[in-house]
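I opened my notebook to record, step by step, what I looked up in this protein chain.

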Amino acid sequence: MSHGVDFRVLGPFEVAVGGKVLDLGGPQLRALLVLLGIGGGRAVSVAALVGQLWGPHAPHDADRTVRTYVSRLRKYLRPAEEALGGDLIVTRAPGYLLRLEPEVIDAVRFEGLAAAGRQALDAGQPAVAAERLVAALNLWRGPAYDEFSDIASLDAESIRLAQLRQNAVEDRIAANLATGGGRELVAELEALTTAHPGYERLWEQLMLALYRAGRQADALRTFQRARLLLLEESGVEPSLALTVIHRRILAQDKELLAPETGETGPFAAGEDALLGKGDLRTSRQHFEAAYDLAKQAGDGESLARAMLGLSGLWVHEHRTATGIHQMQARLRNALSAVGSESPLALRLRVRLAGEVDYRESRHSEILAVLEETRLANDPVAHAEALSVAHHCLLGPDHGQLRQTLARELIGESARTGRRGDHLMGLVWHTVDLFLAGHPHAERRLGELRQALAEDDFLAAHFVANALEVMLTIRAGRFDEAEKQAQACAELGETVGDADAMGWYGAHLVAIRWYQGRLEEVLPLLDQLVHSSTLSTVDNSYFAARAAAAAVVGDQRKAASSLARLVGSDLAELPRSSTWMVTMNGVAEAAYRLGDADTAARAYELLRPFADLPVMASLAVACFGSAHYPLGVAAMAMGAPERAARHLRTAIQHNLALAHWPAVAVCQERYAEATALQR
């Protein structure tokens, strides 16, 4: 969408800027703007405008009235002009020109998506065709130009668009049938054949859907019904195509049954692995092959589809410097290969914005593109943008917004029809509730587990297993948790998740911390701080190493690790998904090193999030209430009374979390803080 401006004619006429619908004045002003809009970027003469608005009964001063209308419209359209950075209605002989990029108009986007869907259908790519055609049809909110039926040119355009819409519906049903659809299409096709009895293609589709639903007799009766209607309405026998499918159903032709798959080749295999099974590793292999084939063939659209697949389910799946820069370069290359008007362009821009924002620990670009997908009414692009935006907002500042995005993704999955979108929405909402310390978090995890039991999705299964490890640690069953953590890491490696080793480290650090054996993981932490598999915004392992080194008395290593984190100011550390764990480690190390200044800065930064649990990444490890590191920092600052208040609160919060090891540690520190007050 161009700067958030949307010119909507597929339903009640609206002009929206940033989602807000503008007041356009009365019927004549609205009609004038629409007439300029269908000019296709060409100037429309004043005489033509007069003729369309008033016909043969135009007032003698109609030319002047048109100019007055234009002046008033310009005032109404000022917000759109500010968004676009220039005049919208331009005086151009012999009249006026509406200066809009074509894709701003929903009818133009519809025609582009519908044509792309038809092209994919003809190319033997029914799944792609269905995706594009659904996106095209979702742009409609009602009859086009309905309020302007008394204007001949707009009435004619309304009829033309309605026919294109009907064609797109039939193409979408054809794509659904080509990917194995049948029973679920019957009700829709019954309604369509009733509304359009002369459309023989609909009768063919209904007969095929009934046959696949195991209703052969109904399919044959449908042919007789269609034949009678055609004879009564038009006096013609059914077409050859309709007659042939009738004969094939009579013969019980097995080829009419649902195909096992609508597409073959590396892209179809990659899409099945990624969106059907959540298998990141296998999908990357297939999409790499698809990318190479598309590059050799010079096929821009296939190149873009392969890159969207290679981007995966999460943001920042490619962690090495080479992987990161290659991914971004490939995404930009794919974007230039398809052009801005391709339906794939918006999805590529979503990915690019997410990858760049995540590495910079920001979210401005992805949230802006998210609004574009909402206005574009492309369910697939919008679902992907919701998930990517959520991943870019994993710091402690955005809990409510994350929950809103997760709930919207669950709802949007009904429109995309992609099971992976529903499961990703469930994963995000489950994680959000744990990060917020919500009492119903485990209930949502149970819902996720039930969905996975019905049909596994490996990427979500890995997250669910990691959450189970966290809960076992909270319960204090450390031996069991360690076995679970090992199995979880092995699943992560199998799936191809970049966080497999990082999450294993988080699990092990939490277990050893609460066992009082943190020194045992110091060699592992020495390796992990420099691991290329860690996220570029993850600093938690430097904090863990600082704390562990301080525990074993290695003052130099502890001070060095802490100094790396502090830099010129702790506030410069990115507010990532591991930020609170990092602050927890900073507070612990600062206390053990007697660094009151660092402790005070950590206290100041962590104080606004006191009532949240300290959790790592997607809630895969929990270190209890944030009041604990605040209490420890207060002790380092020489404020034992304040420390005792925080630690007393931490005990209560940890009881609510059922985090028994954290309760025990807080009680020990509370006793220590109380003793310091004497």
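These entries go from the whole chain to a few chosen places.

Entry one, the overall layout. I noted that this is a predicted model, and I then looked up how the chain is divided, finding domain 1 (5-104), domain 2 (180-257), domain 3 (272-454) and domain 4 (485-676). I also looked up the C-alpha centres of domain 1 and domain 4, which lie 60 Å apart.

Entry two, the strands at the start. I saw that β1 (residues 5-8) pairs with β2 in the antiparallel sense over four bridges, and that D6 has A16 in β2 as its bridge partner. These two strands form a hairpin with five residues between them, where G11 in the turn has a positive phi of about 135 degrees. I then followed β2 to β3 (residues 20-21), again an antiparallel pairing, over two bridges, in which V17 is partnered by K20. On β2 itself, E14 and A16 point one way while V15 and V17 point the other way, and all are buried.

Entry three, the core. Which residues touch the most other members of the largest nonpolar core? I found that they are F7 and W314, in a core of 236 residues, to which helix α22 (residues 458-474) gives the most, with 11 residues. I listed the contacts of F7 beyond its sequence neighbours up to four places away, and among them are F13, V15, L33 and L98.

Entry four, one helix residue. I looked up V552 in helix α26 (residues 540-552) and asked whether V552 is buried, exposed or partly exposed. V552 is partly exposed, because its relative accessible area is 40%, which falls between the cut-offs of 20% and 50%.

Notes. Residues are numbered from 1 along each chain as its sequence is written. This is a predicted model: local features need pLDDT of at least 70, side-chain atom pairs count only at pLDDT 80 or more; totals for chains, interfaces and linings use all residues. Side-chain values use heavy atoms; hydrogens and water are left out. Domain bounds come from an automatic or database domain assignment. Buried means under 20% relative accessible area, exposed over 50%, partly exposed in between (1.4 Å probe, protein chains only). A nonpolar core is a set of buried Ala, Val, Leu, Ile, Met, Phe, Trp, Tyr and Cys residues joined through side-chain atoms within 4.5 Å. Contact means heavy atoms within 4.5 Å. Two strands pair if DSSP finds at least two bridges between them.
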